[in-house]
Amino acid sequence: MRGRRYAINGDQNIASGTVSLLGLTSTSAIEPCLYTWSIGVEDAPADASIVWYWQRYTAAGTATAVTPAPLGPTTTAATASAGKNHTAEPTYTSNTILWRMALNQRATHTIIFDPEGGLCLPATSSNGVGLYPTHASSTVNCSATAHYME
């Protein structure tokens, strides 16, 4: 059965080695699933590698709230919550990296999963996933858009 679908957007200057760009937090009432996302760099291009991760967390940290945008014209408000531009990192759960990919910052990348086989969150309050990079020395502004369903 097709779920309600939403988009969330975030951006972050990744001057420090690991800083979360985007987070999606579940509740006990739903199991949100990410099924596509795009990642890009908004600054002047350079030849640098950034390794991106989606990892589970048990607390969302401190971030600017993002209101999930409904993708359907009659879709109701989202139950999950989202955040961007973290100033305090989520509490990431060790050994729970759901996706990892090294990407060159010169190009925007889009990842598409089968909507029935995306990265799913547990139906547990305050649990979620965060998107964050690791890199040696990039100081660029990155942005991401993720689509998920509830």
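Ala, Val, Leu, Ile, Met, Phe, Trp, Tyr, Cys and Pro count as nonpolar, Asp, Glu, Lys and Arg as charged, and the others, Gly among them, as polar. With these classes in hand, the reader can turn to the structure itself, which is a predicted model.

A good place to begin is the largest nonpolar core, which has 30 residues, and among these Leu24, Leu34, Trp37, Trp52 and Trp54 touch the most other members. Several strands feed this core with at least two residues each, namely E1 (5-13), E2 (22-25), E3 (33-41), E4 (49-59), E8 (91-104), E11 (128-134) and E12 (141-149). Leaving aside residues up to four places away in sequence, tryptophan 52 is in contact with Leu21, Ile39, Trp99, Arg100, Met101, Leu103, Leu131, Tyr132, Pro133 and Cys142. Of these partners, cysteine 142 counts as buried, because its relative accessibility is 0% and the cut-off for buried is under 20%.

Tryptophan 52 also leads from the core to an enclosed space, since it belongs to the lining of the largest cavity together with Ile39, Gly40, Val41, Ile50, Leu103, Asn104, Gln105, Ala107 and His109. Rolling a probe the size of a water molecule over the atoms shows where empty space is left. The count comes to 1 cavity of 30 Å³ or more, and the largest cavity has a volume of about 50 Å³. Strands E3, E4 and E8 each supply at least two residues of its lining, and E3 gives the most, with 3 residues. Sorted by the classes set out at the start, the lining has 6 nonpolar and 4 polar residues, and no charged ones.

Strand E3 also takes part in a covalent link, for the structure holds 1 disulfide, which joins cysteine 33 to cysteine 120 with an S to S distance of 2.0 Å. The pair connects distant parts of the chain, as cysteine 33 lies in strand E3 and cysteine 120 in strand E10 (residues 119-120), 87 residues apart. The torsion about the S-S bond of cysteine 33 and cysteine 120 is about 105°, and the disulfide is therefore right-handed.

How buried or exposed are the two ends of this link, cysteine 33 and cysteine 120? Cysteine 33 has a relative accessibility of 11% and so counts as buried, whereas cysteine 120, at 29% relative accessibility, counts as partly exposed, because that class lies between the limits of 20% and 50%.

Definitions and conventions
Residues numbered from 1 in each chain as written. Predicted model: local features only at pLDDT ≥ 70, side-chain atom pairs only at ≥ 80, totals over all residues. Heavy atoms only, no water. Core = buried A, V, L, I, M, F, W, Y, C linked by side-chain atoms within 4.5 Å. Buried < 20%, exposed > 50% of the residue type's maximum accessible area, 1.4 Å probe, protein only. Helix = DSSP H or I, 4+ residues; strand = E, 2+ residues; numbered from the N terminus. Contact = heavy atoms within 4.5 Å. 1 Å grid on protein atoms, 1.4 Å probe; cavity = no way out; pocket = protein on both sides within 12 Å on 5 of 7 lines; lining within 4 Å. Points joined across faces, edges and corners; volume = space filled by probe spheres on them. Disulfide = S-S within 2.5 Å.
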